[in-house]
Number of protein chains: 2
Amino acid sequence: MSATQIDAVTLDGAGPLYDQIRRAIRDLILAGTWPPGTSVPPEHALMEKLGASRMTVHRALAQLAREGLILRRRRSGTVVASPPASHAMLDILSIPEEVGELGQAYSYRILQRRDGKASREVAARFELGRSVNVTHLTLLHFADGAPHVLEDRVIHPTAMPQVADESFAQTPPGDWLLQNSLWTQAEHAISAIAAEPDEAELLKIEAGSPCLLVERRTWNQSEPITAVRLLYPGGRHRFVGRFGPYGAV
Amino acid sequence: MSATQIDAVTLDGAGPLYDQIRRAIRDLILAGTWPPGTSVPPEHALMEKLGASRMTVHRALAQLAREGLILRRRRSGTVVASPPASHAMLDILSIPEEVGELGQAYSYRILQRRDGKASREVAARFELGRSVNVTHLTLLHFADGAPHVLEDRVIHPTAMPQVADESFAQTPPGDWLLQNSLWTQAEHAISAIAAEPDEAELLKIEAGSPCLLVERRTWNQSEPITAVRLLYPGGRHRFVGRFGPYGAV
DNA sequence: CAGTGGTCTAGACCACATC
DNA sequence: ATGTGGTCTAGACCACTGG
């Protein structure tokens with residue numbers, strides 16, 4: 001929507017021209033100089049500014065559109081896209097959505113919150129250095145009133161200073177982070193573990209029952225944002241993905 | 001390497017020309033008409049045959065190259081690529097490789113093989129219709145002599161008639177299928193279950209221990225090829241994936 | 001209607017790897 | 001040396017859609 005500084009587009013002279021243009025615009029988007037919603041200059045403006053033919057400019061923009069960084073529409077032009085909310089196979093980024101897709105009613109409860117230096121136990125669980133300040137939360141998510149998943153999370157206030165003023169009364173921390181943080185890397189791990197007695201009691205299953213443990217950590221440019229452990233009662237949950245040998249189907 | 005029938009490339013008149021060309025060639029590859037290693041006609045030959053400009057032909061081929069279906073090299077030309085062996089996050093397509101990457105010695109043992117109509121139990125487990133002929137196998141894979149994963153598999157002889165003459169003495173069925181079948185779709189599911197007593201005994205764990213169950217089914221053009229259930233002792237195994245908001249990192 | 005992107009052409013020059 | 005793909009241009013026509 002907002003106006004755009006076309007002069008911000010500068011080429012580095014390395015590699016094919018269409019790729020220089022693609023990278024120049026991509027970098028402006030990823031650096032936040034052109035936030036989501038920003039208008040990207042039309043092809044003819046970039047042609048003149050950069051001295052390239054329209055085909056070459058178009059090739060750069062078409063590739064950015066394929067990658068999902070920009071949205072293009074005839075007449076109304078090109079705008080910077082919002083980062084995608086969900087993600088291929090394993091992505092269960094939003095638990096409210098996950099429950100909603102099962103057709104069940106969602107609710108959640110914060111069991112505990114502690115801001116400050118991580119205890120030795122929490123530090124070990126999330127592989128944190130000693131004396132790192134974090135916000136540590138445990139939550140229980142419900143589907144139709146029944147326990148759905150147990151969440152154990154740390155948030156790094158260095159990356160998210162706003163966390164101190166957020167109560168998470170309206171929005172669970174996972175969704176709040178999705179809306180308020182920019183992440184560039186994530187790591188997922190899946191394993192099967194037996195529920196500890198305290199966990200089993202919260203999830204209303206028997207101690208020792210098999211559970212699916214999904215661990216996710218996210219970073220912005222190697223600065224950690226959050227780490228979470230999601231414990232799903234086994235049997236009731238499966239993560240499914242479908243694809244072909246050359247990519248998603 | 002082999003000669004190529006350029007006349008096999010036929011357009012359907014639907015959508016942009018470059019996309020018609022891309023789909024025509026993609027379909028020849030996926031159908032096996034042009035198997036891996038086949039030479040794809042050079043751009044000028046496709047230009048003449050299809051009456052398109054070179055830019056348009058190039059656009060189609062460049063996209064197929066980005067998708068990994070063909071390999072292009074100056075002077076030597078374009079050939080159909082071999083399907084990729086591995087696959088992003090969850091793909092543990094070859095158990096020997098998986099064990100090798102852990103730095104452990106691999107071995108395996110066939111516990112059972114039965115060719116013919118699936119028993120009611122097997123049919124239910126793999127969601128097969130009644131009176132479907134399959135080869136049913138159970139195997140145990142070892143890492144450094146210790147049980148690593150329990151495999152339970154059905155292979156459809158309609159898709160893989162050679163299975164009748166294969167003893168799997170040299171190569172486990174998963175790797176044999178990778179080498180001898182063409183698949184276009186796969187589905188994965190991951191869940192956590194408790195080991196049944198017989199499974200636990202084979203894996204040398206306690207009955208009821210949490211295990212990671214990886215189920216995979218593969219098809220070629222909606223014809224089923226194989227379905228497998230891999231039972232990994234919990235705790236010892238994690239599946240890890242790394243990516244960014246716009247794709248793999 | 002006019003501005004935007006989508007496609008396509010004809011031709012050109014270049015880089016590269018094999019012959 | 002030559003055949004191949006990689007890039008780029010200048011220009012054209014069309015499709016869509018907001019003013």
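Buried here means under 20% relative accessible area, exposed means over 50%, and partly exposed covers what lies in between (1.4 Å probe, protein chains only). The model is predicted, so local features need pLDDT of at least 70 and side-chain atom pairs count only at pLDDT 80 or more, while totals for chains, interfaces and linings use all residues. Residues are numbered from 1 along each chain as its sequence is written, chains are lettered from A and ligands numbered from 1 in the order in which they are written, and side-chain values use heavy atoms, with hydrogens and water left out.

With that cut-off in hand, A62(A) comes out as buried, at a relative accessible area of 18%. A62(A) sits in helix α3 of chain A; helices (H or I, at least four residues) and strands (E, at least two) are DSSP runs, numbered from the N terminus. R72(A) is 10 residues away along the chain, and the two C-alpha atoms are 8.5 Å apart.

R72(A) also turns up at the DNA: one of its polar side-chain atoms is 3.1 Å from a phosphate oxygen of DNA strand C. H44(A) does much the same job on paper, with a polar side-chain atom 3.0 Å from a phosphate oxygen of that strand. On chain B, the side chain of R54(B) places an N or O atom 3.2 Å from a base nitrogen of DNA strand C. Elements giving two or more residues to the surface near the strand (near: a heavy atom within 4 Å) are α2 (43-50), α3 (54-67), β2 (70-73) and β3 (77-80) in chain A, plus α1 (17-30) and α3 (54-67) in chain B. The largest share, four residues, is that of α3(B).Altogether 25 residues surround DNA strand C, and R54(A), H58(A), L17(B), S53(B) and T56(B) come nearest. Sorted by class, this surface has seven nonpolar, seven polar and 11 charged residues, where Ala, Val, Leu, Ile, Met, Phe, Trp, Tyr, Cys and Pro count as nonpolar, Asp, Glu, Lys and Arg as charged, and the others, Gly among them, as polar. On the DNA side, 61% of the strand C atoms within 4 Å of the protein belong to sugar or phosphate, and the rest to bases.

As for cysteines, the structure holds zero disulfides over all chains (a disulfide being a pair of cysteine sulfur atoms within 2.5 Å). The sulfur of C211(A) has its closest cysteine sulfur in C211(B), and at 13 Å that is too far for a bond. C211(A) is buried, at 0% relative accessibility, and C211(B) is buried with a relative accessible area of 0%.

Definitions and conventions:
A polar contact is a pair of N or O atoms within 3.5 Å; within protein, one must be able to donate a hydrogen and the other to accept it, and residues adjacent in sequence count only if both atoms are side-chain atoms.
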